[in-house]
Structures are given as C-alpha cells and as structure tokens.
Amino acid sequence: MTETPPPEHGLDHASDHASEARADERPSWFDDKRNAHKLFWAVVVLCAVLFLADAFYHKHVVFDFENWFGFFGLFGFSVSFALVLVSRELRKILMRDEDYYDR
Amino acid sequence: MTVEFPPGLLLILGAIAVPLLRGRARPIYMLALPLLGIYQLILLETGSFGTVSAFGFEMTHVRVDRLSLIFGYIFYIAAAIGVIFAWHSDDRIEQTAAMVYAGATIGAVFSGDLISLFIYWELTAVTAVFVIWSARTKRAYGAGIRTLIVYMLSGMLLVVGTALHASETGSIAFEHIGIDSLAGVLIMLGFGIKCAFPFLHNWLQDAYPEASVTGTVFLSSFTTKLAVYALARGYAGTEMLIWIGAAMTAFPIFYAVIENDLRRVLAYSLNNQLGFMVAGIGIGTTLAINGAVSHAFAHILYKSLLFMTMGAVLYRTGTAKGSELGGLHKTMPWTTGFCIVGGAAISGVPLFSGFVTKSMILTAAAEEGYLIVFLVLLFASAGVFHHSGIKIPFFAFFAHDSGKRPKEAPLNMRLAMGITAFLCIAIGVYPAPLYALLPFPVDYVPYTTSHVVTMLQLLAFSALAFATLQRFGLYPPELRSTVLDFDFSYRRLLPWLWRRLEAAGMALHGLAWRGLEVGSARAIRAAQRHHGPRGILARTWPTGSMAIWAAALLGGALLVYFR
C-alpha cells in the first residue's frame, strides 16, 4: 500500500506533509505480531478478572437480571458480537461504490 | 455594572469585524469574543430582559435561568476551542459564518419566546450551511444545498407551530409545550429535524463529513445540541421521546460499523449520543433531565475532540477514510493519544466525562422501570465503545500500516485538542463543578463500586468481542464504499420516481395530443359533411334544419326530465 489517493478536500498542502515510510525507520511496538497477541490475551485476562469481580461486591440493581453473575460482561460481549455480524450482513444490502452519488 | 446585553449578539455583531482583520489579530480577536461571552454569563443574574410588546404578544429576548446558562457556557467554550483549532486558517468566510453561527445558537438558547427563537433558529441554519460550503468542494456544495432544504423545513414547522400555538394559547412564551396539540407536535418535529430524529437524521451524516477540517468541529457542537436544549425546554417528560431516543441510540451504530469515512462514523455516533439525551428528556425526572443536559455538555467536548483528531488526520494526510489510513501513531502520537481520550470519554469509561453523565440517564431509565429502553441504551453503550472507542483509533492510528508518515498536527491543533482532552478527563475525575451547573440539584453519586465495575465489564467484554472478531478475521474490513442510508430516498428514489412520472406524463401528453389531432380531424370532416358546401344542413332550406334541431332538443329534454 504505497499508492497515495488524491486528497479529498482540496488540501493541496496535505500531500506535502504526508511523506512515506522510510526503509531505515525503527519498527513500532505495535508492528510485532507477537505484541498484538499479547494485547489480545491482556484483554482476555482483564475480562476474566472483571467477570470474577462480581463475587466480591454488592451490586446495587433495579432489575433482577442485573444480579446474574457476570451479566454486564456477557451482555456486552454478545451484543457487540451480534452488532458486527448483523452489520456485515447489512453491508450486502446497503454497500455501493464510493462514487455512487457522484455519478 | 450592567451586563444586560443579549449574549448571542456579542458574537453576531462581533463577527462583523472578523473579515476586516488580518494576520494574528483575527484569531486573537475571535478567541476574545467567546471568552468575553463567558465572563458576561458569569456576571448575568437569572431573570429576563429585553421584553418588547409587538402585535399583542410579549417577546422576551433574553431569559436567563439554569437551563439556558449551562448551554450558554458550553457553546461559548465550544466556540473558543473551535477558534484555537482553526488558528492557522485564513478562510474568512468560514470564520465569519462560524462566529455568527455560534452567536445565533447562543441567542436561541437565551430566547424567552418562540419568535426570537425562530429568528435565531433560521440564522443558525443559514450560517451552518455557509460553514459547510466553505469546504469549497462539489460534494460539500451538494450536501449544503440538501441540508439547507431540510433546515428550511424545520424552520417552517417551527413557524407554523408557533402561529398555531399562539392562536391557541394567546402566548408565545417558550415554556413547556408538550404534544397534546397539533401546534406542539409541529414544533417538536421542527426541533426533531435538527436533533436528527430517525428518518429526519440524514442531513447530519450527509453534510458534517463534507465540511472542512475546521468547519466540522464547529458544526458538531451547535445545531444538534441547540435542538436538545429546545426539546429539554419544551418537551421534558414527553414519553414518546424515550422511544425516539432509544431508536436513535441503536440504529446509527450499525452504520458506524460499516462506514469507511471516519468523520462519517463520528457523525453516526453523534446521532447515537443525541439519542441518549433525547431519551433522558423523555423520561423527564430531575435525574434524567440533569443527565441529558450534562451529557450534552460532556458530549460537545468529546465529540469536537474526536472531530478535531480526525480533522488533524485529514489535514495531514488528505483523507479520513479507514481504508486509506493505519499506522499513524508512529508519527502522530499526540493526536493518537487525544483520539483515545475522546474515545474513552464518549464510551463512558470511568474517570472520563461520558461516564459521569451518561450513567445518570441509564440509572433514570432503570429507576422509572423502562426495561426495554434500559437494555437498548446498554446495547448502544457497548456499541458506541465498539466504533468510537475502538474502531476509530484502531483503523486510523494502528491496524495495518498504510505507509503514511504524516507530520504531527500543528501546534494550534494540538493545543485545542489538548485543552479539550483535559476537560474530558477533568469532568470525569471531578464532576462536582459540572453537577453544580445543572438545572436541578444533584443527588447522584457516579462512582459507586457497582457502577464502575458493571460499566468496566460491559466495556471490557465488548473490547474482547472486537479483539476476537479481528483475530479470527470476522471483522468487516474498511472498504472504499458508500453505504446507503435514508438519504437514498431523496437523492435517488424520489428523483427516479419523478423521472418516471415525468416520462409517464410525457407519454400521456403525447397520447392526448394524438387523440386531439385525430378527434379534431374527424370533427372537422363531420362538420364539413353536414355543414360544408354540399352538407345537408347547409342547404338553403332552414325549415328542414330547424325541424331536425327542434326534434333533437325535444329528444334531449325528454331524456333529461323523464326519469
């Protein structure tokens, strides 16, 4: 991916500033795939800790279901997962070419 | 000391000098105006002034109370931040329009009657469109025109509703209106257009991402939050708004997941955040109204922060599309950091502003027993974290390396982002000063173990969902695309229907014309046969023709009367 698309907003100065990657630059911490895996497992561990935290405090709730063990975590995970999968399907119906309205 | 000067007028009249100033003087002057405005608000006492009687109605130009004051403060703050962010800009049209736009919004907030409100309402519409046009692109031009038409519709609804309301109640005072009368419904729809109610929302996603780097920052703060103020003033406790608000929180996030233009993603999440405020207004308890108003306050800050970070990216790289970006954290670390702060604030991460405001609305919904609404708002909270808190920073600054190595944002942009990021954190860490400004006394403690842990669970697990989907390649990649929304109906469907109608009309017209030609030719031939030189009725025997006509008339009379 080195091709630079034309600036969208008439920002002719923008392309002057957006220089390309140099061969001798130092890779960032995020470039290493192993670190991405570390991050993933860090999130997993964080979730596990937060899930178990439900055992150690009194939940102040209005609805009964909020008291289910780990409700907010499981709810958050499942709706986010569903959100993305539904959106993927929506794309099949709603996605058009970039210049759809400009033609 | 008398400070009884209409607050909005300060910026509107002050803007006259903006195009005349050159160099550094202009931004300095433009920054001084909103700061002076904040100083004036501090000195203003509650009450009203500028009362004029006209046409038998009492117009109150300025009404100062707790609700108008808090919106006044945040709009001035937003204007000041916008000026700093645009410090480098030499676009005098955009800057003048933006100043008048901010002033008109503030004027509208302090309007004590519906006619003053209407005048400022229209002024915000026109100036906002000028800000959109200032991008000077073909797309911005088109989006501006469409937005103008929608805004004019809003103004029409407001003026017709006001006239009806005045004739029914005999008053034009802008107090609680409600939807018991047609007038109330019309005015609410007028507000609803600018608040981006479902199906009335699309001007927002259409126009805001087409404005300039600096213009969008102004746009994101004013119009929609003025509408939130107007709804809070006129329609607190209107149950329908709860459902409208809940719908608004939910549907835009599906679009936000698949939209490629990151500024458009932000426009969708703006729409989603408005939903929380509208739902809070609909619930209408003191806790809910406090929640809605404080959320508007916090929202203006973190939303303009997010638009500033994407603006900085656009400024430096020429694009804000997820498909073209990635890896920018290497050369734009400050902007990356500010974007993450904005994302944390909008997502309601504890210690950031969104947490201490949104949780009030969620708690109010639960306490009033709105089970479904509570679950929808919870879903929307997870969803907004998903696209604003993770997707935007991830695809712009991390993800796959685009190879772009833009310079860090200019100093003035970093300063504006830094101040705003600071405020997002300050409100989250120490919400007391914000709570003290709210319309009702606050008896709410955001930082309980229960609140903090449940919110962290919701967010961490939705981050886990994102990470899992990414890891297994299920997350929809950013693609160059247009995603059809409701604007399809008036950008494609209606014109298509119109063309079909036109074609049908032309066909019908041709058919009718042919019929007329053939018919008239036949009529002429028939007339010629009977009345022509050799026609039977043209003979010089009038008695004969008289008898025929008399017989025809009598026959006709017989048919008509003999029933």
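Start by selecting B:Asn290, which sits in helix α13 of chain B, a helix covering residues 286-317. Keep in mind as you look around that this is a predicted model. Is B:Asn290 buried or exposed? It counts as buried, because its relative accessibility is 2%, and the cut-off for buried is under 20%.

Now show what surrounds B:Asn290. Leaving aside neighbours within four places in sequence, B:Asn290 is in contact with B:Met360. Its other contacts of this kind are B:Leu438, B:Pro439, B:Phe440, B:Pro441 and B:Val442.

Next, zoom out and colour the two chains separately. How many residues does the contact take from each chain? Chain B gives 76 residues and chain A gives 63 residues. Between them, about 6500 Å² of area is buried, and carbon and sulfur atoms give 66% of that.

Time to look for salt bridges: there are two between chain B and chain A. For one of them, select A:Glu98 and B:Lys321, whose closest N and O atoms are 2.8 Å apart. You can also hunt for polar contacts, as 16 residue pairs make them across this interface.

Which elements of chain B should you highlight on the side that touches chain A? Several supply at least two residues each, including α11 (239-258), α13, α15 (353-367) and α16 (371-397). The largest share, 17 residues, comes from α19(B). By class, this side of chain B has 39 nonpolar, 20 polar and 17 charged residues.

Last stop: select strand β2 of chain A, residues 95-96, together with β4(B). Two bridges join these strands, which run antiparallel. Click on A:Arg96 and you'll find its bridge partner in β4(B), B:Thr482.

Note on methods. Residues numbered from 1 in each chain as written. Chains lettered and ligands numbered in written order. Predicted model: local features only at pLDDT ≥ 70, side-chain atom pairs only at ≥ 80, totals over all residues. Heavy atoms only, no water. Helix = DSSP H or I, 4+ residues; strand = E, 2+ residues; numbered from the N terminus. Buried < 20%, exposed > 50% of the residue type's maximum accessible area, 1.4 Å probe, protein only. Contact = heavy atoms within 4.5 Å. Buried area = accessible area lost by both parts, 1.4 Å probe. Salt bridge = Lys/Arg side-chain N within 4 Å of Asp/Glu carboxyl O. Polar contact = N/O pair within 3.5 Å; in protein donor to acceptor, adjacent residues only side chain to side chain. Nonpolar A, V, L, I, M, F, W, Y, C, P; charged D, E, K, R; others polar. Pairing = 2+ DSSP bridges.
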